[in-house]
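Visitor: I have a model open and want to go through its charged contacts. Can we start with one residue and work outward?
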Amino acid sequence: MLKNGTVAGITAMQPVFAGGQIVNGNRLARVGEDVSRLQLQLSENEVEKTAEQYFWQLVSLQEKMKTIAAVDTLLVDIYKDVDVAVRAGVALRNDLLQVELRQNEVASQRLKLQNGISIVRLLMAQYCGLRDTSFAVSACDGFPVASIQQHDHQQALLATPEYQLLGKQVEAARLQKNIAVGQNLPTIAVGAGYNYHNLLDNDRSFAMLFATVSVPISDWWGGSHAIRRKKIAFQQAQDQLADNAQLLTIRMQNAWNNVVEARQQLDIAKHSIEQSEENLRLHRNYYRAGICKMSDLLEAQLLYQQSCDNHTDAYADLQNKILEYKQSTGQ
């Protein structure tokens with residue numbers, strides 16, 4: 001009978017209740033999408049930060065090159081004055097040699113700056129995917145200081161991708177706990193089927209509707225331990241959220257303190273330029289009057305150059321600190 005008979009059938013089943021596994025699984029998938037989006041935002045912030053650092057490093061080197069040009073012009077003027085004084089017999093040739101030595105130092109610094117500009121330009125082009133490495137960057141004239149206000153850090157915390165990512169981790173742990181619970185609950189499904197058989201030359205077909213209930217009795221012992229582990233993981237995620245929220249708030253305050261300090265350093269550097277310019281002017285007058293040594297005049301020139309370089313570094317550092325504060329507060 002079985003050798004000569006024919007049996008065929010098709011059945012379709014639809015779960016009605018699966019302990020929330022399907023719903024929570026779909027929610028967990030959406031959480032995964034949100035996590036990917038937040039991680040992408042963090043990656044974009046890191047790319048922006050690195051590109052900004054390259055930019056201001058290049059600006060700083062170019063501004064220092066301008067300072068070198070100004071110092072070189074100043075030394076040329078000093079050399080002319082000393083040369084005239086030596087020819088007139090009112091100054092020693094040693095003074096002229098000291099100026100020439102300082103000019104050699106400036107020439108050496110120029111070469112180092114040119115090499116540094118070339119390397120940073122190549123690094124920036126490689127990082128930004130630029131084929132042309134002959135570009136130049138420039139900041140706004142006069143080094144304007146961007147206005148930035150301190151935010152409410154507790155309120156800004158909610159907008160940071162780091163905090164949102166921690167919240168998604170808590171939500172994922174909660175859903176995983178619910179899925180573990182659902183795996184130990186009864187499963188209810190409804191179905192429909194169509195069957196056909198031809199046995200002993202008896203041709204029949206029929207359709208049917210049915211419902212099933214599955215109870216995972218044998219998994220209750222192991223399932224209870226799995227649920228307990230998921231509950232512990234959920235509690236750990238909540239504790240991590242609370243701890244890291246405090247750390248993120250501290251990071252915001254530290255970033256703001258760095259902005260305030262960088263702005264104060266820029267003010268000091270700006271004031272130092274004014275003082276070094278006046279100090280250099282006085283020493284040039286003193287040398288012409290014969291009451292100042294050449295070494296003192298060159299020391300005043302060096303202080304002026306250092307104050308200009310410090311001002312350039314302080315401005316670039318302030319811009320980087322402002323970006324770090326904006327990113328730390330989710331702006």
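Guide: This is a predicted model. D34 is partly exposed, with a relative accessible area of 23%.

Visitor: Which residue does D34 form a salt bridge with, and how far apart are the closest N and O atoms?
Guide: The partner is K168, and the closest N and O atoms are 3.0 Å apart. D34 sits in helix α1 and K168 in helix α4 (residues 161-182), so the salt bridge ties together parts that are 134 residues apart in sequence.

Visitor: And K168, buried or exposed?
Guide: K168 is buried, because its relative accessible area is 18% and the cut-off for buried is under 20%.

Visitor: Which residues are linked with D34 in a network of salt bridges?
Guide: K168 and E171 are linked with D34 in that network.

Visitor: How many salt bridges does the structure hold?
Guide: There are 13. One of them joins K49 to E324, with the closest N and O atoms 4.0 Å apart. K49 belongs to helix α1 and E324 to helix α6 (residues 294-328), so this pair ties together parts that are 275 residues apart in sequence.

Visitor: What are the relative accessible areas there, starting with K49?
Guide: K49 is partly exposed at 24%. E324 is also partly exposed, with 26% relative accessibility.

Visitor: Changing topic. How many cavities of 30 Å³ or more are there?
Guide: The count is one. The volume of the largest cavity is about 40 Å³.

Visitor: Which residues line the largest cavity?
Guide: The lining consists of I78, D81, R284, Y287, R288 and L297. The elements that give two or more residues to it are α1 (21-88) and α5 (220-288). The most comes from α5, with three residues.

Visitor: How does that lining divide into nonpolar, polar and charged?
Guide: Three residues are nonpolar, none are polar and three are charged.

Visitor: Back to salt bridges, then. What does R288 pair with?
Guide: R288 forms a salt bridge with D81, and their closest N and O atoms are 3.0 Å apart. R288 lies in helix α5 and D81 in helix α1, so the pair ties together parts that are 207 residues apart in sequence. Both R288 and D81 are in the lining of the largest cavity.

Visitor: R288, buried or exposed?
Guide: R288 is exposed, with a relative accessible area of 52%. The cut-off for exposed is over 50%. D81 counts as partly exposed, at 32% relative accessibility.

Notes
Residues numbered from 1 in each chain as written. Predicted model: local features only at pLDDT ≥ 70, side-chain atom pairs only at ≥ 80, totals over all residues. Heavy atoms only, no water. 1 Å grid on protein atoms, 1.4 Å probe; cavity = no way out; pocket = protein on both sides within 12 Å on 5 of 7 lines; lining within 4 Å. Points joined across faces, edges and corners; volume = space filled by probe spheres on them. Helix = DSSP H or I, 4+ residues; strand = E, 2+ residues; numbered from the N terminus. Nonpolar A, V, L, I, M, F, W, Y, C, P; charged D, E, K, R; others polar. Salt bridge = Lys/Arg side-chain N within 4 Å of Asp/Glu carboxyl O. Buried < 20%, exposed > 50% of the residue type's maximum accessible area, 1.4 Å probe, protein only.
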